[in-house]
Amino acid sequence: MRAVWGYVWAAVRRHRLQSVSVAVICFMGMALTSLAVTVFLRSTSAWEDGFRATNGAHLVMTFDAGVVTRAQVGATASVAGVEALGEVQESVTLPAAQGELHRTIQILGRSDAGGAVGRLNLVDGRWPSSPDEIAVNKVVLDEGRAHFGIGQDVAVATAGGLRLFRAVGQVDDLMAFDSFGSIQRGWVQPAVAAELAAPVARGDAAHQWLAPYRVSGDVSDARLAATAAAIGGILPSGAVAKAPLYWSVSKSSSNWATQAFGAVVYVFMVAALLTVVFLVASIVAGSVLATRRDLGVGKALGLTPAQAVAAVIGQMLVPAALGALAGLPLGLASSAPFLSSSSDTLRVPVPSPVDLPMDVGLYAGMLGLVGLVALGPAVRAARVPAVVALRDGPEWGGHPSRLAAAVDRLGLPRAVRLGMVDVARRPVRSLLTLGAVAVGLAVLTLALTFAPAAASLAADRASWGGAQDFDVVRAPQATDAEVGAALAARPEIASTLQSATAQLAVRGRAQSIPLTGMRGDAPAFGYRALRGHWFAGPDEAVIAGGTAKDLDLRVGDTVTGTVAGRPFSARVSGIMNDIAGGGLGVRVPWPAFESIVPGAQPNQYQVRLGDAADAKRVIAALNEDDGALLQARPVIWGGYADGFLGILNSLVGGLATAIIVLAAAGVFNVAFLAVMERRRDHAILKAVGMSARQFVAMVFSFGLFLTVCAALIGIPLGLWFEDYLLNAVMGSQWGFELPQGSLSPLTGLAIVAGALAVALLGTAIPARRALRVPAAVVLHSE
């Protein structure tokens, strides 16, 4: 073993460029892998720890208090599969404000923060005890301030007018996250909630029961859907007021941004591992060929075949171990901002990125990958007799292929043909190098096409719910006519788009779908169909992409269901991106909505101002003068989209740069080894009269041929990567769809030119070195 280790250590020091290349490749591969795996596996650990500590609810259902009583809801605790039912809380949703912060709040009646199911974490202050006190939760996305604070009054627009509550406590509610984002909630004593809900008029501020359930055994989404269906099955028709909330949805929504970033990192991790495999395999193959005489000498001095295999693998494992050891802590450290983001949202301690068994497994996995890649060339090298390995004649295994013969018949200059034949003589190693270059070009293509695609998504502000200047919510005691008159009295307001939402129950689907009626010129506000056209008649509907996928609907199909027991049917005229709705929903013209929801009035108003108007001033004036009728509030998602996608673009650009550098370094080393490996052949060519220019052309044609072939594979692969990342990974999570990106001819040429520059650099340095060494020195052993 000492002889093997001595051989390995001497080879590592002698072939420094090869060793450094393997170390750098494994360093970057390990950093990206540990970052991706840590974010994926640890980003939800804070939520999961809190869920276990509070005995969180697996399923939260919302019931219409006008259809069922509290006692009827309580009886659902006996449904098969229900392990426990927590406190049934009376709920009413009303407009609220604290200072300049305006938002809709779901007020729940709850006696205390404890309970058997879904205990709340009171992080500041105390639980409300008097009728004029309220506890509020933290909401993470908003303009300016993030949430209602304690120690200040919260003004709630009730059916009897504005009512002030002193915020005395702040609560973390792990289930205050649905597919639309975080939910602003407030808790009061049960008698106060009943008082607020009793005079609710016109059905606008929904009077509901909120019921948290623990489910026994399997808690998959499919099992929860079946349990929710069973619960709804023993209650009167129309009792279920909205889609059930699963614990898995709350978990993913609580840190959806972190998970979105993690998905991007994961895609790049796969690309990095592919690059590592291709490059290490190619370097090993080149190293074995370039050092065959050294290995022959070792075998002649007594190395057994098994020791020869260990020696070849060891040359790769030593620098790989050093590189991976340095990359692992870098990846773990890079994951810290992602983990702290999740913990800050939930107000829980930041989980450590270090998980010793997982980290040891990742490190061992990287070394195992390198060892496995090196095993094939090592076994092949060990089988070569020492006499053959020591021979300076034709290289073992290097017989020309049919591809080499075809290249030779192309009629190109002799020097260029010789360089291209070099590619064909070693098809396996050439394919490995080709794969590494193709992955690098694919990542570069992804980086160049991702930003324009993300910009087009951000520009579709209506899909984010941000095409308007601000929003207005009608107070429950006000009528649509009163709100309309208040808005019409403001000369700064140019136009409004009004809407209301009901729940559409669809056969075969446990969760209901939002049905939104729209009154006004929606296309003028930026609403558009991705496929088909916007609805033009009362029998047409535009559906969200996620709904189209879930229900297997296409343009021209018919979407059917029931709203509070009344049948609904409309022809799908278009499919849209509806990110604000979580990718779910059906939008119909107002006359169609009125026919299915008799007496409906709009309760949401999207407002656009004239060119010179100041949105903040108009919002303040409306809340000051008409606060009893409405609540005006700034747009949240529209501005957030720009910042979020900006961060995402930077992340993609940074990761792409890392992998491109990784691929470029590996390709440089592979090209270098390819030239050095054939130095004897090159010396013979110089001896028989090849000029320096011909020699350079021959050497460069090697890199040119590989790069052009890699571009033909890598650029289409990069376009597929972009489509997969945007639509299959991010789009399925957020509910959007984008057409596949494309490259302009100029950009494509720039990508190929960059790859050629790397290949040229990798071949020029050893070519220059080969030109300086006299042929007699290389051939001295003849």
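Me: How exposed is E48, and how should I read the value?

Reply: E48 has a relative accessible area of 23%, so it counts as partly exposed. The general idea is that a residue under 20% is called buried and one over 50% exposed, with partly exposed in between. Keep in mind that this is a predicted model.

Me: In which helix is E48?

Reply: E48 belongs to helix α3, which covers residues 45-53.

Me: How far apart are E48 and L174, in sequence and in space?

Reply: Along the sequence, 126 residues separate E48 and L174, while their C-alpha atoms are 9.4 Å apart in space. A230 and G81 can be read in this way too: they are 149 residues apart along the chain, and 9.1 Å separates their C-alpha atoms. A230 sits in helix α6, residues 221-233. Its relative accessible area is 32%, so A230 is partly exposed.

Me: What share of the contacts in the chain joins residues at least 24 apart?

Reply: Take the contacts between residues at least 6 apart in sequence: 81% of them join residues at least 24 apart.

Me: What does the protein chain contain as a whole?

Reply: Its secondary structure comes to 24 helices and 23 strands. The chain has 782 residues, of which 55% count as buried. The accessible surface is about 31,600 Å², and carbon and sulfur atoms account for 62% of that.

Me: Which residues have the most contacts inside the largest nonpolar core?

Reply: A nonpolar core is a set of buried residues of certain nonpolar kinds, joined through side-chain atoms within 4.5 Å. Here the largest one has 70 residues, and V264, F268, F450, L725 and M730 have the most contacts inside it. Seven helices, α2, α8, α10, α11, α15, α20 and α22, each supply at least two of its residues. The greatest contribution, 14 residues, is that of α8 (256-290).

Me: Which residues does L725 touch?

Reply: Leaving aside residues up to four places away in sequence, L725 touches A263, V264, V267, L446, F450 and M730. There is also a second, separate core of 39 residues, and A65, L120, W127 and L174 are among them.

Me: Is T547 buried or exposed?

Reply: T547 has 1% relative accessibility, so it counts as buried. The cut-off for buried is under 20%. T547 lies in helix α17, residues 545-551.

Me: What does T547 touch, and where is the polar atom of its side chain relative to G585?

Reply: Not counting residues up to four places away in sequence, T547 touches I513, D552, G583, L584, G585 and V586. A polar atom of the T547 side chain lies 2.8 Å from the backbone nitrogen of G585.

Me: Which residues form the nonpolar patch on the surface?

Reply: A patch is built from residues with over 30% relative accessible area, so its members are not buried. In this model the nonpolar patch consists of F40, L41, Y266, V270 and L274, with about 430 Å² of accessible area together. Both α2 and α8 give two or more residues to it. The largest share, three residues, comes from α8.

Me: How exposed is F40, and where does it lie?

Reply: F40 lies in helix α2. With a relative accessible area of 40%, F40 is partly exposed.

Methods. Residues are numbered from 1 along each chain as its sequence is written. This is a predicted model: local features need pLDDT of at least 70, side-chain atom pairs count only at pLDDT 80 or more; totals for chains, interfaces and linings use all residues. Side-chain values use heavy atoms; hydrogens and water are left out. Buried means under 20% relative accessible area, exposed over 50%, partly exposed in between (1.4 Å probe, protein chains only). Helices (H or I, at least four residues) and strands (E, at least two) are DSSP runs, numbered from the N terminus. Contact means heavy atoms within 4.5 Å. A polar contact is a pair of N or O atoms within 3.5 Å; within protein, one must be able to donate a hydrogen and the other to accept it, and residues adjacent in sequence count only if both atoms are side-chain atoms. Patches are made of residues with over 30% relative accessible area and no salt bridge: like charges are joined within 9 Å, nonpolar side chains (Val, Leu, Ile, Met, Phe, Trp, Tyr) within 5 Å. Accessible areas come from the Shrake-Rupley method with a 1.4 Å probe; for residues, only the protein chains shown count as cover. A salt bridge is a side-chain nitrogen of Lys or Arg within 4 Å of a carboxyl oxygen of Asp or Glu.
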